[in-house]
Amino acid sequence: MDLFGDDRRGRPGFRTEPLLTSPWWRGGIAVLTGALPALAFPAASLWWFAYVALVPWILLVRTAATGRRAMLDGWLGGLGFMVAVHHWLLPSLHVFTVVIAALLGLLWAPWGRLVRKFLGGVPTPGRAAAALVVLPSGWLMVELVRSWEGLGGPWGLLGSSQWQLPPALRLASVGGVWLVSALVVAVNTAITLLVVAWLARMVPTARRLRGPASREGGAPGRGERKAVGAVVSGTPATARPETSMVTVAKAHRTIGLRISGTAELPTPRTRAADESSAAGPEIPHAADSEASLTTGPKAPRTATPEASLAAGPEIPHAADSEASLTTGPKAPRTATPEASLTTGPKAPRTSTPEASLTPGPKAPRTATPEAPLTTGPEAPRTSTPGASLAAGPEIPHAAAPEASLTPAPKATRTSTPQASSPHGPTTPHPTPTAPHPAPPTPGPTAHHPTPPAPAPTPLHKGPAAPALAGLLAVAVGALAAWAWAPRPEAAGHVRVAVVQPGVIDGAGKRLDREEALTRSLAGRDLDLVVWGESSVGYDLADRPDVARRITALSREIGADILVNVDARRSDRPGIFKSSVLVGQDGPTGDRYDKMRLVPFGEYIPARSLLGWATSVGKAAGEDRRRGDRQVVMDAGHGLRVGPLVCFESAFPDMSRQLTRDGAQLLLAQSATSSFQTSWAPEQHASLAAVRAAETGRPMVHATLTGVSAVHAPDGSRVGTPLGTSASAAAVYDVPLGKGTTAYVRWGDWPVHGALVVLGALCAAEGARALRRRPVPERRGPRARTVHGSPVRPGR
């Protein structure tokens with residue numbers, strides 16, 4: 001068996017057996033392999049690693065012994081993935097982070113079942129081709145479900161890891177982040193198929209190289225099967241499918257063998273089930289656990305009509321002229337006369353009706369174990385003169401043409417005196433009988449070599465060809481998107497300033513720092529200034545003094561200022577996070593209230609049930625209120641902007657809707673000060689590149705504490721971002737774009753395609769299950785009996 005399992009049972013190979021057969025070790029490996037894709041995201045940003053990161057996880061899941069084990073491996077891998085991607089939440093939510101990850105990891109359990117179904121063992125070309133479509137579709141369903149706001153939103157979608165790869169961003173303009181995720185999973189699946197195909201070819205070759213000849217006299221190879229019986233065939237048992245091998249692992253028992261002209265194989269795990277018949281006693285056949293019995297086609301036997309069996313079992317005819325008798329190495333066998341059979345040098349034998357075999361004096365009978373007996377071309381066989389058998393056990397006839405009899409090594413056979421020829425001792429006859437031997441040494445030895453491994457699977461008959469075709473299809477698709485996908489048309493430039501005050505405690509001190517940084521932008525010919533999330537801690541209607549200060553700043557720099565208010569509204573109950581545009585004459589009236597809140601950070605789902613989360617972490621003490629609609633604002637100079645707040649930039653549908661509503665510039669106001677030293681700030685900033693590429697509109701990501709960045713309509717970075725240690729204001733010349741991308745026009749069509757694929761799979765499996773259901777047996781009319789019915793006498 002290969003390193004990762006080579007059958008549908010998925011039994012692990014000899015190298016990983018101690019790890020993969022232990023539930024605890026296997027579970028730990030599943031968690032670690034599931035966490036590997038997190039390295040493709042910022043801050044590690046190993047974008048290329050995403051195309052192979054799933055391979056170890058898939059290789060592990062495909063070796064699961066059962067479907068339940070595959071689902072468990074999928075769940076544990078999903079747990080590892082969610083913890084790794086959201087590890088920066090641990091300081092805030094502590095152990096609750098693991099609880100949430102465990103719940104979301106359940107989404108990968110069905111995906112693990114699909115992996116085993118389509119990639120278990122050595123997949124056929126049909127299964128391999130289906131896996132390249134089904135597994136990415138299943139992954140998209142997982143990402144779609146967990147993208148629901150109540151489950152944490154679409155943070156860490158696999159396609160988002162490609163934010164700095166231009167070809168991937170071009171694909172995002174066609175099918176959004178969903179298409180990129182699907183293609184990344186497809187590439188991982190194809191590489192897995194190539195690994196499986198390579199193992200299917202290399203492992204049999206390695207076994208042949210370390211075959212019996214190389215281990216003669218040595219210890220058996222690890223992970224090799226053991227066989228029971230004796231090989232009776234001119235070719236190895238693994239050479240032809242019509243041959244048979246009886247296997248009983250680790251069983252030291254004697255298997256009864258009825259010797260009656262042709263060998264009769266008992267089924268494994270049974271003892272001598274056939275009792276001796278009246279014709280004569282049964283001779284037991286001792287089978288060790290390392291030999292195999294394979295019978296070839298039966299050869300016809302003829303006997304003269306005068307020959308008769310008076311009583312007792314039948315003495316076997318000699319083996320046909322092409323059979324070879326090979327005994328074990330230097331195994332002495334002593335036999336007392338039972339029934340003698342004289343073989344002549346290829347001369348026809350005739351029977352004499354009057355002749356009979358009766359018990360005579362005992363004559364020792366020995367066989368030379370070293371010398372094989374091989375006869376020449378086949379000659380006609382007839383009964384020996386005097387073939388009437390008086391008594392004696394029934395002994396099998398020799399095997400079919402081209403058969404060889406290989407008895408177990410070092411076994412002593414002794415036959416009971418039953419019958420002898422009236423003419424005295426005869427030619428020694430090898431009787432395949434033996435007493436119960438000592439338990440054999442487990443594993444293949446020099447005398448019992450393991451059958452040679454099968455030939456490697458040809459490339460065109462294995463999973464390699466579909467895998468290569470899938471990789472080629474992905475490459476062609478990427479090139480086609482690069483060449484033919486609509487590109488955003490240039491529509492001028494705007495000058496946008498981002499103000500990042502840094503880590504400052506207190507709403508008043510923060511406002512003072514923001515005011516100072518904004519005043520430094522005077523005379524820079526700006527079109528818009530953007531502050532970060534929660535940049536103003538007061539409601540402007542309730543604090544007119546704060547509104548006047550910001551209005552004065554707007555007049556001083558000659559541009560509108562987009563601030564973010566995190567406070568209780570004076571006109572509505574509750575706390576809102578709102579984007580408010582302030583112009584040179586005061587607030588313009590354009591206001592956007594955040595619609596999608598961060599679970600546990602801004603509200604607690606089912607607070608009556610999960611409210612205890614506030615005692616173990618920094619969960620929201622009071623739920624924020626939601627807005628009810630998206631807003632496109634007029635920032636002056638003919639510039640229309642679409643604001644998003646915090647992790648709303650992770651939702652592709654929101655930026656798409658703003659673009660359809662006429663936004664020329666997308667804005668995201670964020671604050672990640674609670675996770676300042678983690679990967680969260682860079683991960684959040686990278687989302688702006690994907691949203692810009694999807695919509696063909698530039699996007700500005702402004703934060704309080706970093707990372708602040710700007711991306712062009714094609715997703716490329718504009719200028720230098722502000723890091724987490726910066727407290728500054730930066731000005732960017734942002735190129736505008738116009739036109740409609742394929743994603744804006746057609747939406748989430750990859751997700752819809754995945755639903756169709758999985759629906760077709762479910763329909764096919766349901767139809768197959770119905771075909772396999774047994775048809776109930778139809779009952780005929782009730783039979784009439786000779787007795788009368790107690791209810792209706794006479795019938």
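## Exercises on a predicted model

The structure holds 0 disulfides (a disulfide being a pair of cysteine sulfur atoms within 2.5 Å). This is a predicted model, in which local features need pLDDT of at least 70 and side-chain atom pairs count only at pLDDT 80 or more, while totals for chains, interfaces and linings use all residues. Residues are numbered from 1 along each chain as its sequence is written, and side-chain values use heavy atoms, with hydrogens and water left out.

**Exercise 1.** Decide whether cysteine 646 and cysteine 762 are buried or exposed.

*Solution.* Start with the cut-offs: buried means under 20% relative accessible area, exposed over 50%, and partly exposed in between (1.4 Å probe, protein chains only). Cysteine 646 has 10% relative accessibility, so it counts as buried. Cysteine 762 has 56%, so it counts as exposed. For background, 50% of the 795 residues of the chain count as buried.

**Exercise 2.** Describe how helix 4 and helix 6 pack.

*Solution.* Let's go step by step.

1. Helices (H or I, at least four residues) and strands (E, at least two) are DSSP runs, numbered from the N terminus. Helix 4 spans residues 67-85 and helix 6 spans residues 95-105.
2. Their axes come within 8 Å and cross at roughly 135 degrees. Axes here are lines fitted to C-alpha atoms, for helices over the stretch in contact, with angles from 0 to 180 degrees between N-to-C directions.
3. Angles under 35 degrees count as roughly parallel, over 145 as roughly antiparallel, 65 to 115 as roughly perpendicular and the rest as oblique. Helix 4 and helix 6 are therefore oblique to each other.
4. Now list the contacts (heavy atoms within 4.5 Å). Gly74, Trp75, Gly78, Leu79, Met82 and Val83 of helix 4 meet Val98, Ala101, Ala102, Leu104 and Gly105 of helix 6.
5. Finally, look at the buried side of helix 6: Phe96, Thr97, Ala101, Ala102, Leu104 and Gly105. These pack against helix 4, helix 5 (90-93), helix 7 (109-119) and helix 13 (607-610).

**Exercise 3.** Work out the surroundings of alanine 497.

*Solution.* First, place alanine 497 in strand 10 (residues 489-500). Next, its relative accessibility is 0%, so alanine 497 counts as buried. Then, leaving aside neighbours within four places in sequence, collect the contacts of alanine 497: Leu521, Leu526, Leu528, Val529, Val530, Ala730 and Val731. Lastly, the C-alpha atoms of alanine 497 and isoleucine 561 are separated by 9.4 Å, with their positions 64 residues apart along the chain.
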